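Hi,

Here is the structure I promised to pass on to you. Have a look at it first, and then read on for my notes on what turned up.

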Amino acid sequence: MSVHHFNIPIFIPELACPFQCVFCDQHKITAQKQMPTDDEIIQTIEKRLKTIPNDHHNIIEIAFFGGNFTGIPMEEQERLLSLVQPYLDGERVRGIRLSTRPDYINKEKLELLKKYNVKTIELGAQSFDDEVLIKSGRGHTASDIEEAAAMIRSFGFELGLQMMTGLPGDSLKAIQFTAKRIAELGASNTRIYPILVIKGTKLAEMYEAGQFTPPNLQETIQFLRLLLPFFAKNNVDVIRVGLHPSENLKKGKDLLAGPFHPALRQMALTAVWQDVFWNHAFDPNFNAIDIFVPKGQRANAIGYEARNKKELLSTYREVKFYVDPFLRGFQFYANYR
């Protein structure tokens, strides 16, 4: 039986972030302006637990997202971590994950996180190109990311390294280099955030002044069709593609420009499977074909709006897709009829 991962997200506002990155307005991205109260955190956890099947194959983590967790005062970190300890039974809820900045990691903070059963630390790396980091107002260097990543792994934490595409000064070469470093530094997971221009940010000013233009949807899909197979090949789990946005962002009220689409991941995976299929020598001397793909990939292989299936139907009268649980990544095989 397959393992399913669930996060119970608790959003912490950017109270601790000393920098205002050009792309960032966490309030509009998460709709979270105030630190959640103890009661709100408890209610969030208990409400989410009721929606997750009570199955020992499920891995559940309480996740502190949205801000610079290790940048808030140590006593506040300890208060938040202590509050959720009663839910860490080791069976349903296995541990805690959190996101933070690479320049807010040190031995003292990691010892505290270890004490309170934090399992995974995600760093907002965004890029390993120093020029891109400077132009984006990140306030840290690629070396800071590398040092923090090494320290996190030395303490036995699972490492996540988040990246962004299309930042000021970015390029395909820089994006591919960032992905390469994420794999080399031993990250087990990543999140890919294509750049969006949010109202009220420095990037919005740059966009309106004609100083910045984000990649469009098709350009972003081209980036992703290279990144997703690369991470699969290097055993880096891509947890998410694109922001988990507020309602205003989804409705376009806070979005000025950028490759936002609710089906962005499936569109990108459709393109990946298109490459996989078109690099395969299909036998046209049959009327029908059955294609077997890994679990979780059937819809992507068929394609967004069934694009890949429709293309195959130009060769075969009948095309069917099935799951083979023994396949991995972007493997597939075909049976002809």
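**A pocket and some aromatic pairs**

The second largest pocket holds about 160 Å³ of space. Please keep in mind as you read that this is a predicted model.

Three elements each give two or more residues to the lining of this pocket: helix 9 (217–233), helix 11 and helix 13. Helix 11 contributes the most, with five residues. If you want to select the lining in your viewer, pick Q218, I221, Q222, R225, M267, T270, A271, Q274, W278, R307, N308 and E311. By character, four of the lining residues are nonpolar, five are polar and three are charged.

W278 deserves a second look, since besides lining the second largest pocket it belongs to a cluster of rings. Which residues do ring pairs link into that cluster? They are W273, F277, W278, F282, F321, F330 and F332.

Searching the whole structure for aromatic pairs gives 14 of them. One is formed by F277 and F321, whose rings are tilted, with 6.3 Å from centre to centre and 50° between the planes. F277 sits in helix 11 (residues 264–278) and F321 in strand 11 (residues 318–323), so this pair ties together parts of the chain that are 44 residues apart in sequence. Are these two rings buried or exposed? F277 is buried, with a relative accessible area of 0%. F321 counts as buried too, at 4% relative accessibility.

Another tilted pair is made by Y316 and Y336, with 6.2 Å centre to centre and 45° between the planes. Here the link runs between the loop that joins helix 13 (307–312) to strand 11, where Y316 lies, and strand 12 (residues 333–336), which holds Y336; the two are 20 residues apart. Y316 counts as buried at 2% relative accessibility, whereas Y336 is partly exposed, with a relative accessible area of 25%. The cut-off matters for that contrast: Y336 is not called buried because buried means under 20% relative accessible area.

One last item to look up is a charge over a ring. The charged end of K114 sits over the ring of F157, 4.8 Å from the ring centre.

If you would like a place to start, try helix 11: it gives five residues to the pocket lining, and it also carries F277 of the pair with F321.

Enjoy the browsing, and all the best!

Definitions and conventions
Residues numbered from 1 in each chain as written. Predicted model: local features only at pLDDT ≥ 70, side-chain atom pairs only at ≥ 80, totals over all residues. Heavy atoms only, no water. Phe/Tyr/Trp six-rings, centres within 6.5 Å; stacked < 30°, edge-to-face > 60°. Helix = DSSP H or I, 4+ residues; strand = E, 2+ residues; numbered from the N terminus. Buried < 20%, exposed > 50% of the residue type's maximum accessible area, 1.4 Å probe, protein only. Lys NZ or Arg CZ within 6 Å of the ring centre and 35° of its normal. 1 Å grid on protein atoms, 1.4 Å probe; cavity = no way out; pocket = protein on both sides within 12 Å on 5 of 7 lines; lining within 4 Å. Points joined across faces, edges and corners; volume = space filled by probe spheres on them. Nonpolar A, V, L, I, M, F, W, Y, C, P; charged D, E, K, R; others polar.
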